[in-house]
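Hi,

Here is the structure I promised to send over. Have a look at it first, and then read on for what turned up.

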Amino acid sequence: MAQLWGGRFTGKTDPLMEQFNASIHFDKRMAKVDCKGSQAYAKALMHRKLITKQECDDLVRGLDIIADEWLSNKFVLKPADEDIHTANERRLGELVGSVAGKLHTGRSRNDQVATDLRMYLRDACLELQTHLKSFIKVAIERAQSEIDIIMPGYTHLQRAQPIRWSHWILNHAWSWKADLDRLDSLVARFNQCPLGCGALAGNPFEIDREFLAKELGFDGIVPNSLYAVSDRDFVAEFLFWGSLTMVHLSRWSEDLINYCSAEFGFISLADAYSTGSSLMPQKKNPDSLELIRGKSGRVFGDMSGFLMTYKGLASTYNKDLQEDKEPLFDAIDTLSGCIQISTGVLSTLKVNSLKMKAALSKDMLATDLAEYLVRKGVPFRQTHHISGQAVRMAEQRGVPMSELSVSDLKTLHDQFEDDVLKVWDFERSIEQRCSLGGTSKKTVLIQIQQLKDYLNNSTLSKL
């Protein structure tokens, strides 16, 4: 079969140019949606009486066979198959004869590929949503079952205040929930059908674009034919979404990499998500987490590389847009793998609650000491200074703050009474953080229920 565009040319194409021009080695993954889009277009042609019902049935049947061949890895590529559209049309001709040549009536590969890509990405987003939901579910389950474990909370990587382990888990789960929200709105924005716009100026046969949109599961049509064939904002936006999601996975990984080190010892990873050293037998490396952290840069590169391609294009379709697929596909694959590995890591890691508790120190309750005086009516700015003096006193004596006597504290302010000794209780400190969003047991349980309700009510999977 000759190239779809070959009629105007008489000279042969340089074989190197044919290879350089071809995209079949990566766009073949759109085979299923390409067949689906062509089946819908065949029906639209029939509705306009451009083909008969029998011809439409033959085209639909042939495309079913082609889709099955791709699914079973039985599709045989030929040298002239420069892209998925050419390959499928060539094979369709072999199956149903010359009627295959009618399928492209009024259609261009420009609107065809724009449609394929939106459909493919829509399916990929639904799969990623499923993976993210599973990840959040594991986080919820761990947060609920391990709610009584307490640990240091950190700012600047310095021990700051005591928190619940569950509160730390949910800190990251809320960012993944935000990722799901953004993915939902992204799909809603790009789920518009470009098919029926031709190469750039529109379709001359009054093809029913609203029928095509409904047939292919779109919410509506792209309203301008020039925009329809050239718009790849949805690719750029997905790559940004992927980059931000990978930021969240990378930051979560960084915490766990620290926590599983000997210096912390808060958790240990399952062997299934760890590797050893080729030289040092004692090593157990968190390679799963390090790869997630590293692959975040890969997805950032996909985004920045595509934006550099996209920024200088003249209106409508340009061949540069062939370069939208490899970064998109790579980002999809990377995100899918990273989210699933993250789910495995979180579901199997073991928590050393004794190490976490042992890492708590009484100076982490210095804020509680200041708050004690606030409850006695002393202004916070003053109590903050007084508590700092208590910290210095304990440091100068080389003792924990809890070993300062009531008499010692009274030298700093006369409002200190015997009940100040209750301040040196980590669990009490945690339970006082009881405003919504805080680390008390009650408020953590509220967060857990909020996330459960969110997963139960999420609507993206209904598209």
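A term you'll need before anything else: two residues are in contact when they have heavy atoms within 4.5 Å of each other. Keep in mind too that this is a predicted model.

**Helix α4 and what sits over it**

Let's start with α4, which runs from 53 to 71. The helix has 19 residues and reaches 27 Å from its first C-alpha to its last, close to the 27 Å expected at 1.5 Å a residue. Which of its residues are buried? They are Glu55, Cys56, Leu59, Val60, Gly62, Leu63, Ile66, Glu69 and Trp70. The cover over these buried residues includes α3 and α5.

Just after α4 comes Asn73, with a positive phi near 60 degrees. This residue is in the loop between α4 and α5, and it is not a glycine. That's worth a look, as most residues other than glycine have a negative phi. Is Asn73 buried or exposed? Exposed: its relative accessible area is 72%, and the cut-off is over 50%.

Thr316 makes a good partner for that one. Thr316 also isn't a glycine, and its phi is positive at about 65 degrees. You'll find Thr316 in the loop between α11 (287-310) and α12. Thr316, though, has a relative accessible area of 16%, and because buried means under 20%, Thr316 counts as buried.

**The cavity**

How many cavities of 30 Å³ or more are there? The count comes to 1, and about 40 Å³ of space lies inside. Its lining is made up of Asp34, Ser38, Leu63, His85, Asn88, Glu89, Leu92, Leu103, Arg107 and Gln112. Leu63 from that lining is also one of the buried residues of α4. Both α3 and α5 (84-96) supply at least two residues to the lining, and α5 gives the most, with 4. Sorted by class, the lining has 3 nonpolar, 4 polar and 3 charged residues.

**Asp116**

Asp34 and His85 from the cavity lining turn up again around Asp116, a residue in helix α6. Why does Asp116 count as buried? Its relative accessibility is 1%, and the cut-off for buried is under 20%. Leaving out neighbours within four places in sequence, Asp116 is in contact with Met30, Val33, Asp34 and His85. With His85, there is also a polar contact of 3.5 Å between the two side chains. If you want a sense of scale, Asp116 and Thr275 are 159 residues apart in sequence, and their C-alphas are 40 Å apart in space.

**The two pockets**

The largest pocket has a volume of about 580 Å³. Its lining comes to 24 residues, and Arg29, Ala31, Lys32, Val33 and Asp123 lie nearest the centre. The elements giving two or more residues to that lining are α3 (31-47), α4 (53-71), α6 (109-145) and α12 (325-348). Which of them gives the most? That's α6, with 7 residues. By class, the lining divides into 13 nonpolar, 2 polar and 9 charged residues. Val33, one of the residues nearest the centre, is also among the contacts of Asp116.

The second largest pocket has a volume of about 450 Å³. This one is lined by 19 residues, with Trp168, Asn171, His172, Arg251 and Asp255 nearest its centre. At least two lining residues come from each of β1 (150-155), α7 (165-190) and α10 (233-259), and the largest share, 6 residues, is from α10. Here the classes are 7 nonpolar, 9 polar and 3 charged.

**Glu371**

Last one: Glu371, in helix α14 (residues 366-374). Is Glu371 buried or exposed? At a relative accessible area of 18%, Glu371 is buried, because the cut-off is under 20%. Setting aside neighbours within four places in sequence, Glu371 is in contact with Gln432 and Arg433. The contact with Arg433 includes a polar one of 2.8 Å, side chain to side chain.

Happy to go through any of this with you.

Cheers

Key
Residues numbered from 1 in each chain as written. Predicted model: local features only at pLDDT ≥ 70, side-chain atom pairs only at ≥ 80, totals over all residues. Heavy atoms only, no water. 1 Å grid on protein atoms, 1.4 Å probe; cavity = no way out; pocket = protein on both sides within 12 Å on 5 of 7 lines; lining within 4 Å. Points joined across faces, edges and corners; volume = space filled by probe spheres on them. Nonpolar A, V, L, I, M, F, W, Y, C, P; charged D, E, K, R; others polar. Buried < 20%, exposed > 50% of the residue type's maximum accessible area, 1.4 Å probe, protein only. Polar contact = N/O pair within 3.5 Å; in protein donor to acceptor, adjacent residues only side chain to side chain. Expected span 1.5 Å × (residues − 1).
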